[in-house]
Amino acid sequence: MAVEIHPQPGPQERFLSSNADIVIYGGGAGGGKTWGLLMEAVRHSHVKGFGAVIFRRQSVQITNEGGLWDTAMSIYPLIHARPVKSPALSFVFPSGAKITFAHLNQEEDVTGWQGAQIPLIAFDELTHFERSQFFYLLSRNRSTCGVRPYIRATCNPDADSW
């Protein structure tokens with residue numbers, strides 16, 4: 001039996017159909033923002049050498065009950081991705097493409113990404129990150145796999161955010 005996965009009409013569909021270099025999907029809780037981010041990371045899963053990193057500010061936000069990892073576990077194995085828990089939480093697709101989950105708890109944690117080439121950089125809850133973290137990681141948004149580098153992010157409204 002084939003599984004059909006598709007976005008909800010409206011904001012989620014617009015988020016996933018944009019070809020802009022940077023897209024930020026905002027809105028209240030329950031609008032499907034995280035699911036959209038997880039689906040965006042699958043777009044190039046057939047491309048050998050493709051890599052995506054989905055960042056949260058704290059690692060516990062990745063592994064909390066019903067969080068990013070649990071949601072990814074309900075989707076990615078359906079499309080033949082293999083979960084890997086060490087050295088980092090990630091999924092590897094038959095093509096060799098990889099989606100990694102990482103945190104940037106401290107502002108200086110971005111330096112651990114020096115030298116990285118990440119075709120898709122995604123931030124779940126961008127308003128939780130420092131401005132400097134976002135702009136530093138833009139310099140890591142590079143690609144040698146043929147996929148044009150791009151950024152995707154989600155956020156809840158926060159008038160005090162940068």
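Gly27 is partly exposed in this predicted model, with a relative accessible area of 22%. The residue lies in the loop between β1 and α2. Leaving out residues up to four places away in sequence, Gly27 touches Lys33, Cys155, Asn156 and Pro157. A useful sense of scale comes from pairing Gly27 with Phe91: 64 residues separate the two in sequence, and their C-alpha atoms are 27 Å apart in space.

The two elements on either side of this loop are a good place to continue. Strand β1 shows a covered face, made of Val23 and Tyr25, and an uncovered face, made of Ile22, Ile24 and Gly26. This fits a familiar pattern. In a regular strand, side chains alternate between the two faces of the sheet. Helix α2, spanning residues 33-42, is mostly covered, with eight of its ten residues buried. The buried residues of α2 are Lys33, Gly36, Leu37, Leu38, Met39, Glu40, Ala41 and Val42.

The strands come together in an open sheet of seven, ordered β1-β7-β6-β2-β5-β4-β3, in which the pairing is mixed. At the edges stand β1 (22-26) and β3 (82-84), each of which pairs on one side only. From one strand to the next, the twist averages 15 degrees.

Following the order of the sheet from β1, the neighbour met is β7, and five bridges link β1 and β7 in the parallel sense. Within this pair, Tyr25 is placed opposite Thr154 in β7. Strand β7 (residues 150-155) is in turn joined to β6 (residues 120-123) by four bridges, and these two strands also run parallel. Here Phe123 stands opposite Ala153 in β7. Helix α5 (residues 131-138) packs on the sheet and touches β1, β2, β6 and β7; the direction of α5 makes about 170 degrees with that of β6.

How buried or exposed is Thr154, a residue of β7? Its relative accessibility is 0%, so Thr154 counts as buried. Apart from its neighbours within four places in sequence, Thr154 is in contact with Tyr25, Lys33, Thr34, Leu37, Phe123, Asp124, Glu125 and Leu126. Among these contacts are Lys33 and Leu37, both of which are buried residues of α2.

Strand β2 can be described in similar detail. All six of its six residues are buried, so β2 is largely enclosed by the rest of the structure. Gly51, Val53 and Phe55 point one way from the strand, whereas Ala52, Ile54 and Arg56 point the other way. On one side, β2 pairs with β6 through four bridges, the strands running parallel, and the bridge partner of Ala52 in β6 is Leu120. With β5, the pairing of β2 is likewise parallel and extends over six bridges; Phe55 stands opposite Ala102 in β5. Helix α4 (residues 68-75) lies across β2 (51-56), β3, β4 (90-92) and β5 (98-103), and runs at about 20 degrees to β4.

Some of these strands also help to line the largest pocket, which has a volume of about 200 Å³. Its lining consists of 17 residues, and those nearest its centre are Ala52, Val53, Ser90, Lys98 and Thr100. Strands β2, β4 and β5 each supply at least two residues of this lining. The largest share, three residues, comes from β2. By residue type, the lining divides into ten nonpolar, six polar and one charged.

Finally, a few details of the backbone in the loops deserve a look. Ser86 and Pro87 are joined by a cis peptide bond, with omega at about 10 degrees, and Pro87 is found in the loop between β3 and β4. Two residues other than glycine have a positive phi: for His80 the value is near 70 degrees, and for Glu125 it is near 70 degrees. His80 belongs to the loop between α4 and β3 and is exposed, with a relative accessible area of 62%. Glu125, by contrast, sits in the loop between β6 and α5 and counts as buried, at 9% relative accessibility. Glu125 is also one of the residues in contact with Thr154.

Key. Residues numbered from 1 in each chain as written. Predicted model: local features only at pLDDT ≥ 70, side-chain atom pairs only at ≥ 80, totals over all residues. Heavy atoms only, no water. Pairing = 2+ DSSP bridges. Axes fitted to C-alpha atoms, helices over the stretch in contact; angles between N-to-C directions. Contact = heavy atoms within 4.5 Å. 1 Å grid on protein atoms, 1.4 Å probe; cavity = no way out; pocket = protein on both sides within 12 Å on 5 of 7 lines; lining within 4 Å. Points joined across faces, edges and corners; volume = space filled by probe spheres on them. Nonpolar A, V, L, I, M, F, W, Y, C, P; charged D, E, K, R; others polar. Buried < 20%, exposed > 50% of the residue type's maximum accessible area, 1.4 Å probe, protein only.
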